[in-house]
Amino acid sequence: MSVNAFDRYGPDVLSGSSPSSHRPKKSRPVELGLGMVLEDAMSGYVGAVVGAEKTTAGVVVNLEDRAGKVRAFPLGPGFLLEGQPVDVRLPAKKKPTTPGRTASGSRAVEGAKARVALGSRIWVEGKHDAELVEKIWGDDLRIEGVVVEPLGGLDDVADKLAAFGPDKDHRVGVLADHLVTGTKESKIAEAVRADPRYRDVVHIIGHPYVDIWQAVKPHVVGIREWPVVPRGEDWKTGILRRIGWPHADHRDVARGWVRILGKVSTIADVESTLSGRVEELIDFVTVG
């Protein structure tokens, strides 16, 4: 006999109530939304939606409870919203009714197909950098056929340039973190700029932030300012600890980034110091 997930003991055969009262309540479809408070019907875990992500087992929704603990649950039925069973679904993609704007502020081109990737590249330092650039400038980059690739750190840029072999038809724009005078990153950039092989075909610029997280405006994340993390302390877990988010290990770092990125919608949500640099690189690899 099947048992309704929301009535684990089954119907009371002596209650005398009408058969219709024993029918399982049908889950109402609802679109997932950040901040929505959901209860997992089986475990009773209650938390606010802080993000969703694709996994090998399907899409999961991350719920954060009052203590700041985040747990992931499979998207779909099995949740309660305001006490009622719901079937949680990803928001439907909305079609613009009039020519709109992309997240970067460019004019949207309805129905435009992505171009075959050009020979040129934009390299950023890490996965989070690439995801932020994709979220804001992704539509523009696909139109232009530009591929953004994470370097895995600026230390390897010389080797990767040597392997790539940039020329006038295969330019490389590099966006570096923490490119301020006297840093290791600035010395690496100067060495690349001084190399005659890369004159006019490699453009390396950067932003002043220790990490791309700081390029997101603090109020977008819900904080007054980004905390200062002392040298020698892991920067990302230090940030999470100081703003009161889970910070135990790399999984919390990953969830923290999903939460930050989930709050970014348009170019207005990031510092102009970053947006200007990215658009400069796009121009370099597409216009010259």
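How many of the 288 residues of the chain count as buried? The share comes to 41%. Keep in mind that this is a predicted model.

**View 1. The whole chain, with its 7 helices and 11 strands.** Start with the full fold before zooming in. The chain exposes about 16800 Å², and carbon and sulfur atoms supply 52% of that area. Now look at contacts between residues with a separation of 6 or more: 62% of them involve residues 24 or more positions apart.

**View 2. W123 meets F164 edge-to-face.** The count for this structure comes to 5 aromatic pairs, and here is one of them. The ring centres of W123 and F164 are 5.8 Å apart, with 80 degrees between the planes. Since edge-to-face starts at over 60 degrees, this pair gets that label. W123 belongs to strand β8 (residues 121-124) and F164 to helix α2 (residues 157-164), so the pair ties together parts 41 residues apart in sequence. W123 is buried, at a relative accessible area of 5%, whereas F164 is partly exposed, at 29%.

**View 3. Two tryptophans, W213 and W235, also pair up edge-to-face.** Their rings sit 6.2 Å apart, centre to centre, and the planes make an angle of 70 degrees. You'll find W213 in the loop between β11 (202-206) and α4 (218-221), and W235 in helix α5 (residues 235-242), so this pair ties together parts that are 22 residues apart in sequence. Are these two buried or exposed? W213 is buried, with a relative accessibility of 0%. W235 counts as buried too, with a relative accessible area of 13%.

**View 4. Y45, F73 and F79 form a ring cluster.** Ring pairs are what link these three residues. Y45 has another partner to look for: the charged end of R71 sits over its ring, 4.9 Å from the centre.

**View 5. R171 over the ring of F284.** Here is a charge-over-ring arrangement involving R171 and F284. The charged end of R171 is 4.9 Å from the centre of the F284 ring.

**View 6. A salt bridge between R259 and E64.** Side chains of opposite charge can pair when their charged atoms come close. The whole structure has 13 salt bridges. In the one shown here, the side chains of R259 and E64 meet at 2.3 Å, N to O. What parts of the chain does this pair link? R259 is in helix α6 (residues 250-262) and E64 is in strand β4 (residues 58-64), distant parts that are 195 residues apart. Both R259 and E64 are buried.

**View 7. R89 and D87 share a salt bridge.** The closest N and O atoms of R89 and D87 are 3.2 Å apart. R89 is partly exposed, at 44% relative accessibility, but D87 is buried, at 16%.

**View 8. R197 and D195 share a salt bridge.** For R197 and D195, the closest N and O atoms lie 2.7 Å apart. R197 is exposed, with a relative accessible area of 53%. Its partner D195 counts as buried, at 17% relative accessibility.

**View 9. A salt-bridge network made of E233, R241 and R242.** Which residues should you pick out in this network of salt bridges? Look for E233, R241 and R242, which are linked together in it.

Key: Residues are numbered from 1 along each chain as its sequence is written. Side-chain values use heavy atoms; hydrogens and water are left out. Rings of Phe, Tyr and Trp (its six-membered ring) pair if their centres lie within 6.5 Å; planes under 30 degrees apart count as stacked, over 60 as edge-to-face and the rest as tilted. Helices (H or I, at least four residues) and strands (E, at least two) are DSSP runs, numbered from the N terminus. Buried means under 20% relative accessible area, exposed over 50%, partly exposed in between (1.4 Å probe, protein chains only). A charge sits over a ring if NZ of Lys or CZ of Arg is within 6 Å of the ring centre and within 35 degrees of the ring normal. Contact means heavy atoms within 4.5 Å. Accessible areas come from the Shrake-Rupley method with a 1.4 Å probe; for residues, only the protein chains shown count as cover. A salt bridge is a side-chain nitrogen of Lys or Arg within 4 Å of a carboxyl oxygen of Asp or Glu.
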